[in-house]
Every structure is written in structure tokens, then in C-alpha cells.
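Dear colleague,

Here is the structure I said I would pass on. My notes on it follow below.

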Amino acid sequence: MNGKMLTVFVVMTVFVVGFSYAVGPLANPEGNLSQMKNQTASQVRYRLTYQEMDKNTDGQVTKEEYQAAVKQRRENAPGAGANQNAKSFTFEELDLNADALLSQEEFNQHLATSSRRVKQ
């Protein structure tokens with residue numbers, strides 16, 4: 001009987017610890033919801049910015065398209081916050097695989113990494 005009780009105790013402990021670990025992030029649902037909303041808003045912003053740069057809509061941004069978009073943003077809103085990121089990144093920094101084309105994934109990855117550095 002003691003062996004069975006110990007087994008039940010161990011199983012219950014593993015379940016409780018595992019469950020607590022699994023729902024740990026839910027301890028602050030409002031914070032997580034806010035974080036999810038911010039991530040979603042950022043992803044939408046990245047996608048719209050990328051589509052704005054991709055003038056020929058082929059799914060890839062060339063160096064010329066990137067430079068034209070940066071120039072246009074600077075002319076339309078000099079000194080605005082949206083231009084600060086464009087000013088600090090060269091095409092080569094964004095083109096992570098150095099294929100002379102900027103994919104949506106490269107663009108998102110670089111901006112997401114950069115925004116985390118800015119927040120720290």
C-alpha cells in the first residue's frame with residue numbers, strides 16, 4: 001500500500017509541477033495579451049512597410065527599391081520616428097543572406113531584433 005501511495009504522490013507532483021510550468025505565462029494574462037497585441041501590430045507594420053518598398057510586387061525588395069523608399073520617407077516626413085529606423089540600416093545590413101534581395105523574412109527579423117535592442 002505504501003508503494004502505491006508513493007507512486008500516486010509522485011505522479012500528482014509531476015502533474016502539478018508540469019501544469020504550473022505550462023501555465024506559468026498565464027499568470028499575468030493582461031501583460032501577455034498586451035505583448036501579443038504589440039507583436040501583432042509590429043508584424044502588420046513590418047508587412048505594410050515591406051509592401052510599400054516592393055514597388056514591382058515580386059515579393060523581393062532590391063537595393064534600388066529600398067533606397068527609393070528610404071528617400072521617399074525622408075522627403076515626406078523628415079525627422080519622423082518612422083524614418084529613424086530607415087536611416088540607421090543600410091540595405092546590406094538588412095540583406096542577411098547577402099543575395100542582393102531583401103525578403104519579408106529578412107526585413108522582419110532584422111527589425112524585430114533591432115526593436116528589442118532599442119527597448120533594452
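**Core, aromatic pairs and two single residues**

The largest nonpolar core has 13 residues, and those touching the most other members are Tyr-50, Met-53, Val-61, Tyr-66, Leu-102 and Phe-107. Two or more residues of this core come from each of α2 (29-53), α3 (63-76), α5 (91-94) and α6 (104-119). Please keep in mind that this is a predicted model.

As for the overall layout, the protein has six helices and two strands, in the order α-α-β-α-α-α-β-α from the N terminus. Of its 120 residues, 21% are buried. The exposed surface comes to about 8900 Å², with 61% of it supplied by carbon and sulfur atoms. If one takes the contacts between residues at least 6 apart in sequence, 43% of them join residues at least 24 apart.

Searching the whole structure gives two aromatic pairs. One is formed by Tyr-50 and Phe-107, with 5.9 Å from centre to centre and 50° between the planes, and is tilted. Because Tyr-50 lies in helix α2 and Phe-107 in helix α6, this pair ties together parts 57 residues apart in sequence. Tyr-50 and Phe-107 are both buried. The other pair, Tyr-66 with Phe-91, is also tilted, at 5.9 Å centre to centre and 55° between the planes. Here helix α3 holds Tyr-66 and helix α5 holds Phe-91, so parts 25 residues apart in sequence are tied together. Tyr-66 and Phe-91 are buried too.

Beyond its neighbours within four places in sequence, Tyr-50 has contacts with Gly-59, Gln-60, Val-61, Leu-102, Ser-103, Gln-104 and Phe-107.

Asp-54 sits in the loop between α2 and β1 (61-62). Which side chain of opposite charge is nearest to Asp-54? It is that of Arg-47, 9.1 Å away, and Asp-54 has no salt bridge although it is buried. Leaving out residues up to four places away in sequence, Asp-54 touches Gly-59, Gln-60, Val-61 and Glu-65.

Leu-101 belongs to strand β2 (residues 101-102). Its relative accessibility is 29%, so Leu-101 counts as partly exposed, the cut-off for buried being under 20%. Residues touched by Leu-101, other than those up to four places away in sequence, are Gln-60, Val-61, Thr-62, Phe-91, Asp-95 and Glu-106. Between the C-alpha atoms of Leu-101 and Tyr-66 the separation is 9.7 Å, with the two positions 35 residues apart along the chain taken as their distance apart.

Regards

Note on methods
Residues numbered from 1 in each chain as written. Predicted model: local features only at pLDDT ≥ 70, side-chain atom pairs only at ≥ 80, totals over all residues. Heavy atoms only, no water. Core = buried A, V, L, I, M, F, W, Y, C linked by side-chain atoms within 4.5 Å. Buried < 20%, exposed > 50% of the residue type's maximum accessible area, 1.4 Å probe, protein only. Helix = DSSP H or I, 4+ residues; strand = E, 2+ residues; numbered from the N terminus. Contact = heavy atoms within 4.5 Å. Lys, Arg positive; Asp, Glu negative; His and termini not counted. Salt bridge = Lys/Arg side-chain N within 4 Å of Asp/Glu carboxyl O. Areas by Shrake-Rupley, 256 points an atom, 1.4 Å probe, with all protein chains shown as cover. Phe/Tyr/Trp six-rings, centres within 6.5 Å; stacked < 30°, edge-to-face > 60°.
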